Amino acid sequence: MHDPKLTDALAFDREHIWHPYSSMTDPLEVYPVTSAKGVRITLANGQTLIDGMASWWSVIHGYGHPRLNQAAKNQIDAFSHVMFGGLTHMPAMDLAQKLVQITPDGLEKVFFSDSGSVSVEVAIKMALQYQQARGYTRKNRIISLRRGYHGDTFAAMSVCDPVTGMHQIFQGALPSQIFLPAPETPFGEALLASDLDALERTFKQHHTEAAALILEPIVQGAGGMRFYSADYIRHARRLCDQYGCLLIADEIATGFGRTGQLFACEHANIAPDILCLGKALTGGYLSLAATLTTDHVAKTISQGGAGCFMHGPTFMANPLACAIALESVTLLLEGDWKSNILRLEAQLTQHLAILKNHPKVADVRCLGGIGVVELNAPCELKRLQPKFVEEGIWVRPFGKLVYVMPPYVITDEDLATLCQGIVRVVTSL
Ligand SMILES: *Cc1c(COP(=O)(O)O)cnc(C)c1O
C-alpha cells in the first residue's frame, strides 16, 4: 500500500521531529500508527502488533477502553481545563481523595503535576523546603541508588544513575547527589550484609547533608529492570527515621498494581514520606502525575519561611486528565487485579523460562506484570526492532534488556504469542 501523503509526512518526521533519545542526523525507523484498541496497535500498512510495552507502563487497561473513553468525553463536554490557582473541581477532588485512600497510610496531601519527572522535581523541592523549614539548611543533597531512573528534568536527572543517566554530559549543571551502590539482594531474599553495610555507612557519613533518600521500591525500571529485596526498603525507612531524612518512593513505574501489590512499598510494609505517581495514573490516556506527602511534611513546609510550597504548573490538576485517572483507578479496583497480575506473572515466567539456558541470555526474571530477558551483550535496536515487528509484537529493548510489561487486559493467548515472538527473536540472535 503506497500512500504519498504518508511518505511525505514520514520524510518530514525524519527531518524535523525529535523522538525519545534520538539523533536528528541518524534517526532510527519509526512506525506510523493509525489506531490502537485493547492490546493491539495498528500500523499504517495495516499490520497489527500485540503491545508488550503498555506505552511505557502506562496503558494498563488497554487502548481505547470504553469506560475511559466515556469519562474523557463527559469531561470534555463539561470543561477540559481551568487554572488551578483559585479554582477547583470535582475531578481533582475525587481523584485526590481516592489516591489518599489507596496509597500507604499517612500520605494525606496531594500535589498534582503534569509528568513523572515534574512530580520528582516536586518531591525533591518538598524535601529541601522541609529541611530548610526545620532549620537544617545544610541538608540539601539527595541520597540515591545507582541504576535508578527518576526522569529527564534536571533535579530528576541528578538522582538517576550517573553512568546510564550520562551525568558527564551535564557536568557542572547538575546538583551533585550522594550515590549508594545498586542493591544486590534479590527480591524475596533477606538483605545481604553488603547492602545493609552500604546503606548504614552512607547514612552515617552523609546524614548532615542529606535531605532525603529517593528510590524506586522493589523494581529499578529504566536503569536496569532490576528487582530487589523488600528488606532493603525497610532498612532504608529505618535509617531515614534515625537520621532525619525523608524517604521518597518513586512509584511512577511500579504504582497501580504492576508488581503484584497496588504500590510496591506494600511489599515492604512501609510508607514513604513522599510518594511519586504517574505513568499508569490515567491508564495511559494523558500526562498526569501526583506527589503525595504526609501531614507532618506539609505542615512543616507551610509553616516555614516561604509560608507556602513553591510550585504551581499551568496545567496543574488538568480536569480532563483527572477525570480519566479517576475512572482508570476505579476500573482497576473494581476488578480482581491482584489475581490478574499473578496470572501475568505465571504466564510470563512459564513462556520465557525456555530462554534461561540460552547462551546469549544472562538472566530471565519476572515479577508481577513484568518480564525481563537480560542478554549477555547490548543488542542493536536497529537490527532487533524490525524483527519484533515482523513477529507481530511491539517490544522495544534497550541495552542488554528485552523486557515487557503488557496491558493488564492481555489474554493468555496474546501473551503466549508475545512471549513466543520474543523467544524466536532472541534465539535468532
Ligand atoms: C518514567 C519514569 C519517570 C519519569 O516520568 P515522565 O512522565 O517520563 O517524566 C520517573 N521515575 C520513574 C521510576 C519512571 O519510570
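Visitor: How should I read the exposure of Trp 56, and what is its relative accessible area?
Guide: The classes rest on relative accessible area, where buried means under 20%, exposed over 50% and partly exposed in between, computed with a 1.4 Å probe on protein chains only. Trp 56 has a relative accessible area of 41%, so it is partly exposed. This is a predicted model, in which local features need pLDDT of at least 70 and side-chain atom pairs count only at pLDDT 80 or more, whereas totals for chains, interfaces and linings use all residues. Residues are numbered from 1 along each chain as its sequence is written, and side-chain values use heavy atoms, with hydrogens and water left out.

Visitor: Where does Trp 56 lie, and what is the sign of its phi?
Guide: Most residues other than glycine have a negative phi. Trp 56, although not a glycine, has a positive phi of about 60 degrees, and it belongs to helix H2, residues 54-57. Helices (H or I, at least four residues) and strands (E, at least two) are DSSP runs, numbered from the N terminus. Ala 317 likewise is not a glycine and has a positive phi, of about 55 degrees. Ala 317 sits in the loop between helix H9 (295-302) and helix H10 (319-334), and its relative accessibility of 0% makes it count as buried.

Visitor: How is the protein chain divided into domains, and how far apart are their C-alpha centres?
Guide: The bounds come from an automatic or database domain assignment. Domain 1 consists of 31-64 + 336-428, while domain 2 covers 68-334. Their C-alpha centres are 27 Å apart. Counting contact as heavy atoms within 4.5 Å, 25 residues of domain 1 meet 30 residues of domain 2.

Visitor: How many residues make up the largest nonpolar core, and why does it lie between the domains?
Guide: In soluble globular proteins, nonpolar side chains tend to be buried together. A nonpolar core here is a set of buried Ala, Val, Leu, Ile, Met, Phe, Trp, Tyr and Cys residues joined through side-chain atoms within 4.5 Å. The largest one has 126 residues, and those with the most contacts inside it include Leu 99, Phe 112, Phe 203 and Ile 422. Helix H5 (residues 116-133) gives the most to this core, with eight residues. The core lies between domain 1 and domain 2 because both give residues to it. A second, separate core has five residues, among them Ala 72, Leu 320, Ile 324 and Leu 331.

Visitor: Which residues does Phe 112 touch, and with which residues is Ile 143 in contact?
Guide: Not counting residues up to four places away in sequence, Phe 112 touches ten residues, including Leu 95, Leu 99, Leu 288, Pro 313, Met 316 and Ala 317. Ile 143 is placed in strand S5, residues 141-145, and is buried with a relative accessible area of 0%. Leaving aside its neighbours within four places in sequence, Ile 143 is in contact with Ile 178, Leu 180, Phe 203 and Leu 213, among others. Ile 143 and Leu 247 are 104 residues apart in sequence, yet their C-alpha atoms are 9.6 Å apart in space.

Visitor: Is Ile 124 buried or exposed, and which residues does it touch?
Guide: Ile 124 lies in helix H5 and, at 5% relative accessibility, counts as buried. With residues up to four places away in sequence not counted, Ile 124 touches Ile 142, Ala 155, Val 159 and Ile 248.

Visitor: At what angle do the axes of helix H11 and helix H13 cross, and which residues make the contact?
Guide: Two packed helices are described by the angle between their axes and the distance between the axes. Axes are lines fitted to C-alpha atoms, for helices over the stretch in contact, and angles run from 0 to 180 degrees between N-to-C directions. The axes of helix H11 (residues 337-352) and helix H13 (residues 412-427) cross at roughly 35 degrees and come within 9 Å. The contact involves Arg 343, Leu 344, Gln 347, Leu 348, His 351 and Leu 352 of H11, together with Asp 412, Leu 415, Ala 416, Cys 419, Ile 422 and Val 423 of H13.

Visitor: Is Pro 66 buried or exposed, and where does it lie?
Guide: Pro 66 lies in helix H3, residues 66-78, and counts as exposed at 57% relative accessibility.
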